[in-house]
Amino acid sequence: MRVIIFGATGMVGQGVLRACVEDRGIDEILVVGRTPLNRRPAKVRETIHRDFTDFTAVQKDLAGFDACFFCLGASSAGLSEEEYTRITYDYTLAAARAVGADNPSLTFAYLSGAGADSTEVGRIMWARVKGRTENELLAMPFHVAVFRPGYIQPRGGIVSRTPAYRRLYRLTSWLYPLLRRLAPGHVTTTEHIGRAMIAVMALRGDGPALLSSRDINRLGAIDRPDGINRPDDINKPGAPEGVTPSPARTPCAR
Ligand SMILES: NC(=O)c1ccc[n+]([C@@H]2O[C@H](COP(=O)([O-])OP(=O)(O)OC[C@H]3O[C@@H](n4cnc5c(N)ncnc54)[C@H](OP(=O)(O)O)[C@@H]3O)[C@@H](O)[C@H]2O)c1
């Protein structure tokens, strides 16, 4: 399997990259970003790109992948709607169009967030922009899985690129075991997101289109030592329950 990761230098992207490196079913990983990785494992190739609204220059390098794990994103704090839309909506859709061109079997896993507003008309700016981005993606002619995690606990020494998040994690990390016990449906980890993205790729469009933290934790809990999670692992007795194709495969009303 061949995968592309956007945002691999970020908190979640680092977790996804690590899961892909560890997965023996993934042979090739292409990382696309503006900042080089600190360390590049053997099966990882890297493309440094500057203009995330235009991938024409690297279009041919993006062809023929099984999946794209899109973890690039920014906090809306301090950004105008126009600035936040550029990073969240314009960059994501430009990347999806470039990676998905002539590739109907692609799985595009998009890292959104709990509370994204599918109606696109709510009062919260970031939620509207994320909802609009999700809706456009879900209408594209390949498999799209929208990840909507709530609280994400970084694992394995991973840190956020966002200073405000770093401060928040310093305060909340010790609370995570309690949070997980009190609100298991609202928390997940970078590790679970990485493994769940790989599982979604293996489902080839038969998985849920919208994944809550609970769905992410179920899919990400399946860990095959010999490679990629398969749909039959997910459906067999003893597998985490409740991962069913979502009726929300079609775009939400706008
Ligand atoms: N952290 C959470 O608890 C949480 C919860 C729910 C949803 N999310 C969503 O998950 C996504 C990623 O979050 P994160 O915590 O991993 O963020 P992060 O640590 O700040 O990483 C962001 C990633 O996006 C890239 N990026 C940001 N702005 C960019 C720009 N203008 N041009 C090119 N690349 C850019 C960064 O690249 P550089 O290394 O080059 O800066 C980095 O790879 C966001 O959309 C966020 O809304 C996060």
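Analyst: Two strands are said to pair when DSSP finds at least two bridges between them. The model discussed here is predicted. Seven of its strands form an open sheet with parallel pairing, in the order β3-β2-β1-β4-β5-β6-β9.

User: What makes β3 and β9 the edge strands?

Analyst: The strands β3 (44–48) and β9 (210–212) each pair on one side only. From one strand to the next, the twist averages 20°.

User: How do you know that β1 and β2 are paired, and in which sense do they run?

Analyst: Strand β1 (residues 2–6) is joined to strand β2 (residues 28–33) by five bridges, and the two run parallel. Pairing requires at least two bridges, so the five found here suffice. Among the partners, Arg 2 is bridged to Glu 28 in β2. Between β1 and β2 the chain passes through helix α1 (residues 11–22), and this β-α-β crossover is right-handed.

User: Why is that crossover called right-handed?

Analyst: The term applies because, with the strands pointing away from the viewer, the path from the first strand over the helix to the second runs clockwise. Here that path leads from β1 through α1 to β2.

User: How many bridges pair β1 with β4?

Analyst: Strand β1 and strand β4 (residues 67–70) pair over four bridges, in the parallel sense. Since at least two are needed, β1 and β4 count as paired. One of the partners is Cys 68 in β4, which is bridged to Ile 4.

User: What makes β1 a mostly covered strand?

Analyst: Four of the five residues of β1 are buried. A residue earns that term if 20 or more other C-beta atoms lie within 10 Å of its own. In the protein chain, buried residues make up 41% of the 254 residues.

User: Why does Arg 18 count as partly exposed?

Analyst: Arg 18, found in helix α1, has 19 C-beta neighbours inside 10 Å. A buried residue has 20 or more and an exposed one has 12 or fewer, so Arg 18 falls in between and is partly exposed.

User: What is Arg 18 in contact with, leaving aside its neighbours within four places in sequence?

Analyst: Arg 18 is in contact with Gly 156 and Gly 194. The C-alpha atoms of Arg 18 and Gly 156 are separated by 9.6 Å, although these residues are 138 apart along the chain. Contact is judged on C-beta atoms placed from the backbone, with a limit of 7 Å, so the C-alpha separation is not the value that decides it.

User: How does the reach of α2 stand against what is expected?

Analyst: Helix α2 (residues 81–100) has 20 residues and reaches 27 Å from its first C-alpha to its last, close to the expected 28 Å. The helix nevertheless bends by about 25° at Asp 90. After α2 comes Asp 102, with a positive phi near 55°.

User: Which residues of α2 are buried, and what covers them?

Analyst: The buried residues of α2 include Tyr 84, Thr 88, Tyr 91, Thr 92 and Ala 95. Their cover includes β1, β4, β5 (107–111) and α3 (125–138). In general, an α-helix has 3.6 residues a turn, so residues three or four places apart point the same way.

User: How do the directions of helix α7 and strand β9 compare?

Analyst: Helix α7 (residues 213–220) packs on the sheet, touching β6 (143–148) and β9, and its direction makes about 90° with that of β9.

Key:
Residues numbered from 1 in each chain as written. Predicted model: local features only at pLDDT ≥ 70, side-chain atom pairs only at ≥ 80, totals over all residues. Expected span 1.5 Å × (residues − 1). Bend = angle between axes of the 7 residues up to and from the residue. Contact = placed C-beta atoms within 7 Å. Axes fitted to C-alpha atoms, helices over the stretch in contact; angles between N-to-C directions.
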